[in-house]
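The following exercises are to be worked through with the sequence and the structure at hand. Each task is followed by a solution in steps.

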Amino acid sequence: MADSVLYEVTDGLATVTINRPDAMNAMNTETKVALRDALRAAGADTAVRAVLLTAAGTRAFCVGQDLKEHVGNLAADRESGSKLTMSTVSEHYNPIVRALTEMPKPVVAGVNGVAAGAGFGFALAADFRVVADTASFNTSFAGVALTADSGVSWTLPRLIGASRASDLLLFPRSVKAQEAYDLGIANRLVPAESLHAEAEAVARALAAGPTVAYAALKESLAYGASHSLSEALEREDVLQTRAGASEDHSIAVQAFLSKQPPRYLGR
Ligand SMILES: CC(C)(COP(=O)(O)OP(=O)(O)OC[C@H]1O[C@@H](n2cnc3c(N)ncnc32)[C@H](O)[C@@H]1OP(=O)(O)O)[C@@H](O)C(=O)NCCC(=O)NCCSC(=O)/C=C1/CC=CC=CO1
C-alpha cells in the first residue's frame, strides 16, 4: 500500500492512518485509492474486529479533496472538454464512505485536527468519534462552490438536525471541538496529547467485544434510518436471531451468571 495511508493490524484492530501531514492530509488521487483499498481490506479480513481511522500530525485529520491537485484536473477537463474530474465522487469518495458505513465491525474515528469537506464526511461515517480538544470541523463544500458529498447530506442532519445541518452547509465555518461535542458530532472530547491513546483504547475495547452483535447493531441502525417501525421490528427479529446464535452470546450470558468478565471470540 502507498505511504500516503498506513495500515496496521494488531490484536484484531486495524489502524488506518491518513499520512500526508504536510498537506493537511488532503485527498489526492493516490491517497483516495489507498484509503479506499485499506478500508476494503479491513472489511474483508475476518481477523479484524474493529477499525481505527485517524491521521498523522496534529494539525489536520483530513481537509477533504486536495484542491492543489484538483485545480490542475479541472484545467485538463476544460482543455479536453470532459468532466472526468468529478468522477472521483463515484470512483473514490462513495466507495470510501460505503466501506466505512457497510463495514460489519465498528469504526472509530480519531479526529486529531481539522476535518473539512470530505474529511468531515469520513469522520461522520464512522460509528464513534474521539476528538482532540484542538480539532475542528468545517463542511467547506459551499466555500468552494460545491454541494455536499461523502455522505454529509445524510449523516450531518441525522446527527445534529436538519436546521443546524443547513446552517453549517450554507455558511461553512469552523466548528470547534467543544461545540462539536455539544452538538453531538463528537462522542468523546479528549486532550490533544492523548488523542491517539484514547481513540485506540476505545477501538481496542470494541475489537475485544461481541463482533457479531456489533455488526447486527450497525446494520439495524442503518436499516432503521430509512424504514418504518414495522419494518425495523422485522429486521431486528432477523438480526437478533443472528446475534443470539453467536458463540459470544453464550459466552456473555455464562460470564454474567458466573460474575466474570466475558472473553469474546468475535463469532
Ligand atoms: C478550514 C481549513 C481546513 C483549515 O484552516 P486553517 O487551519 O486556518 O489552515 P489554512 O491556513 O487555511 O491551510 C493551511 C495550508 O493547507 C492548505 N490547504 C488547506 N486545505 C486544503 C485542501 N483541501 N487542499 C489543498 N490544500 C489545502 C492551505 O492552502 C494552506 O497551504 P499554504 O500554507 O501553502 O498556504 C482551511 O484550510 C480550508 O477551508 N480548507 C479548504 C477545505 C476545502 O475546501 N476542502 C475541499 C472541500 S470539497 C471535498 O472535500 C470533496 C470534493 C469531492 C469531489 C470533487 C471535487 C472536490 O471536492
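Two strands count as paired if DSSP finds at least two bridges between them. The model treated here is predicted.

**Exercise 1. Determine which residue of strand 6 is the bridge partner of Ala60, and place this pair in its sheet.**

Step 1. The bridge partner of Ala60 in strand 6 is Val114.

Step 2. Strand 4 and strand 6 (residues 114-116) are joined by two bridges and run in the parallel sense. The criterion for pairing asks for at least two bridges, so the two strands count as a pair.

Step 3. The sheet concerned is open and consists of four strands in the order 4-6-8-9, with mixed pairing. Strand 4 (60-62) and strand 9 (175-176) are its edge strands, and each of them pairs on one side only.

**Exercise 2. State the strand order of the six-stranded sheet and explain why one side of strand 1 and of strand 10 is left without a neighbour.**

Step 1. The six strands form an open sheet in the order 1-2-3-5-7-10, and the pairing is mixed.

Step 2. Strand 1 (5-10) and strand 10 (188-190) stand at the edges; each has a single partner strand, and therefore one side of each lacks a neighbour in the sheet.

Step 3. On average, neighbouring strands of this sheet are turned by 20° against each other, direction ignored.

Step 4. Helix 1 (residues 29-44) lies across strand 1, strand 2 (13-18) and strand 3 (50-55). Helix 1 runs at about 15° to strand 1.

**Exercise 3. Follow the bridges from strand 5 through strand 7 to strand 10.**

Step 1. Strand 5 (residues 107-111) pairs with strand 7 (residues 128-132) in the parallel sense, over four bridges.

Step 2. Gly110 stands opposite Val130 in strand 7, and Val111 has Val131 as its bridge partner in that strand.

Step 3. Strand 7 is also joined to strand 10 by three bridges, and these two strands run parallel. Val131 has Leu189 as its bridge partner in strand 10. Val131 is thus a bridge partner of Val111 as well as of Leu189.

Step 4. Strand 7 is mostly covered, since four of its five residues are buried.

**Exercise 4. Decide whether Thr54 and Asp237 are buried, partly exposed or exposed.**

Step 1. The cut-offs are needed here: buried means under 20% relative accessible area, exposed means over 50%, and partly exposed lies in between.

Step 2. Thr54 belongs to strand 3. Its relative accessible area is 3%, so Thr54 is buried.

Step 3. Leaving aside residues up to four places away in sequence, Thr54 touches several residues, including Thr15, Val16, Phe61, Gly110 and His196. The C-alpha atoms of Thr54 and Asn19 are separated by 9.0 Å, although the two residues are 35 residues apart along the chain.

Step 4. Asp237 belongs to helix 10 (residues 229-244). Its relative accessible area is 48%, so Asp237 is partly exposed. Between Asp237 and Arg49, which are 188 residues apart in sequence, the C-alpha distance is 23 Å.

**Exercise 5. How many residues of helix 4 are buried, and which are they?**

Step 1. Helix 4 (residues 118-125) is mostly covered: eight of its eight residues are buried.

Step 2. The buried residues are Ala118, Gly119, Phe120, Gly121, Phe122, Ala123, Leu124 and Ala125.

**Exercise 6. Describe the protein as a whole and explain why it is judged as compact as a globular protein of its length.**

Step 1. The secondary structure comprises 11 helices and 10 strands.

Step 2. The radius of gyration is 19 Å, and the globule rule gives 18 Å for 267 residues; the two values are close, so the protein is as compact as a globular protein of that length.

Step 3. Of the 267 residues, 43% count as buried. The accessible surface comes to about 13400 Å², and carbon and sulfur atoms hold 56% of it.

Step 4. Among contacts with a separation of 6 or more, 68% link residues 24 or more positions apart.

Step 5. The domain assignment gives domain 1 (5-207) and domain 2 (211-258). Their centres, taken over C-alpha atoms, are separated by 27 Å. The contact takes 12 residues from domain 1 and five residues from domain 2.

Conventions
Residues numbered from 1 in each chain as written. Predicted model: local features only at pLDDT ≥ 70, side-chain atom pairs only at ≥ 80, totals over all residues. Heavy atoms only, no water. Axes fitted to C-alpha atoms, helices over the stretch in contact; angles between N-to-C directions. Contact = heavy atoms within 4.5 Å. Rg over C-alpha atoms; globule rule 2.2 N^0.38 Å. Buried < 20%, exposed > 50% of the residue type's maximum accessible area, 1.4 Å probe, protein only. Areas by Shrake-Rupley, 256 points an atom, 1.4 Å probe, with all protein chains shown as cover. Domains from an automatic or database assignment.
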